[in-house]
Amino acid sequence: MKKVEAIIKPFKLDDVREALAEINITGMTVTEVKGFGRQKGHTELYRGAEYMVDFLPKVKIELVLPDDQVERCIDVIIKTAQTGRIGDGKIFVFDVERVIRIRTGEENEDAV
């Protein structure tokens with residue numbers, strides 16, 4: 001099993017969620033996060049004063065999947081979240097050693 005974490009632009013969340021649902025991936029955790037990479041923030045004007053916004057709003061999607069669904073999931077996220085502009089985000093993939101469903105005690109793929 002793998003854990004897929006995707007950091008994407010907030011306005012792309014609904015599109016990504018719907019695209020993942022179309023390939024039968026429905027369970028996910030979504031967190032509002034802030035950060036920056038090459039984008040390095042931007043300047044904004046407020047009441048005539050210019051100030052630097054270092055951390056930009058993003059959304060982090062976390063999914064735990066069987067190995068055979070990972071590549072398809074990644075392809076769908078890339079295709080759906082991509083705008084072609086800086087700040088589209090990143091995808092990270094981690095090995096998952098063990099998963100346990102608290103309610104039933106089921107483990108690993110049965111718990112996902």
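## Close-up views of the predicted model

**View A. Asp95 of strand S6 at its salt bridge with strand S1.** At a relative accessibility of 63%, Asp95 counts as exposed, because the cut-off for this class is over 50%. The model shown here and in the following views is a predicted one. The partner of Asp95 in a salt bridge is Lys2, and the closest N and O atoms of the two side chains lie 2.3 Å apart. Since Asp95 belongs to strand S6 (residues 89-95) and Lys2 to strand S1 (residues 2-8), the pair ties together parts that are 93 residues apart in sequence. Lys2 has a relative accessible area of 24% and is therefore partly exposed. The general background to such views is that side chains of opposite charge can pair when their charged atoms come close.

**View B. The salt bridge between Glu62 and Lys3.** Here the closest N and O atoms are 2.8 Å apart. Glu62 is part of strand S5 (residues 56-65) and Lys3 is part of strand S1, so this contact ties together parts separated by 59 residues in sequence. The two ends of the bridge are assigned to separate accessibility classes: Glu62 is buried, with a relative accessible area of 17%, whereas Lys3 counts as partly exposed at 24%. The assignment of Glu62 follows because buried means under 20% relative accessible area.

**View C. Arg17 and Asp14 within helix H1.** These side chains form a salt bridge whose closest N and O atoms are 3.9 Å apart. That distance meets the criterion for a salt bridge, because the cut-off is within 4 Å. Both residues belong to helix H1 (residues 13-22); being 3 residues apart there, they are separated by about one helical turn. Arg17 counts as partly exposed, at 41% relative accessibility, and Asp14 is also partly exposed, at 47%. Elsewhere in the model, salt bridges with shared partners join Lys3, Glu5 and Glu62 into one network. The structure holds 8 salt bridges.

**View D. The largest nonpolar core.** This core has 17 residues. Those with the most contacts inside it are Leu20, Leu63, Cys73 and Ile77. Two or more residues are given to this core by each of the elements S1, H1, S5 and H2. Among these elements, H2 makes the greatest contribution, with 6 residues. For the protein as a whole, 30% of its 112 residues count as buried. The surrounding fold comes to 2 helices and 6 strands, and these elements follow the pattern β-α-β-β-β-β-α-β when read along the sequence.

**View E. Phe94 of strand S6 beside Val4.** The C-alpha atoms of Phe94 and Val4 are 6.5 Å apart in space, while the residues are 90 apart in sequence. Phe94 lies in strand S6. With a relative accessible area of 37%, Phe94 is partly exposed.

**View F. A negative surface patch.** The patch is formed by Asp67, Asp68, Glu109 and Asp110. Of these residues, Asp67 lies in helix H2 (residues 67-81). Asp67 is partly exposed, at 46% relative accessibility. This value satisfies the accessibility condition for a patch, because members need over 30% relative accessible area.

**View G. Two asparagines with positive phi.** Phi of Asn24 is near 65°, a positive value in a residue other than glycine. Asn24 has its place in the loop between H1 and strand S2 (29-35). With a relative accessible area of 63%, Asn24 is exposed. Asn108 is likewise not a glycine and has a positive phi, of about 55°. Asn108 is found in the segment after S6. Its relative accessible area is 30%, and Asn108 is therefore partly exposed.

Definitions and conventions. Residues are numbered from 1 along each chain as its sequence is written. This is a predicted model: local features need pLDDT of at least 70, side-chain atom pairs count only at pLDDT 80 or more; totals for chains, interfaces and linings use all residues. Side-chain values use heavy atoms; hydrogens and water are left out. Patches are made of residues with over 30% relative accessible area and no salt bridge: like charges are joined within 9 Å, nonpolar side chains (Val, Leu, Ile, Met, Phe, Trp, Tyr) within 5 Å. Accessible areas come from the Shrake-Rupley method with a 1.4 Å probe; for residues, only the protein chains shown count as cover. Lys and Arg count as positive and Asp and Glu as negative; His and the chain ends are not counted. The place of a charge is taken as NZ of Lys, CZ of Arg, CG of Asp or CD of Glu. Helices (H or I, at least four residues) and strands (E, at least two) are DSSP runs, numbered from the N terminus. Buried means under 20% relative accessible area, exposed over 50%, partly exposed in between (1.4 Å probe, protein chains only). A nonpolar core is a set of buried Ala, Val, Leu, Ile, Met, Phe, Trp, Tyr and Cys residues joined through side-chain atoms within 4.5 Å.
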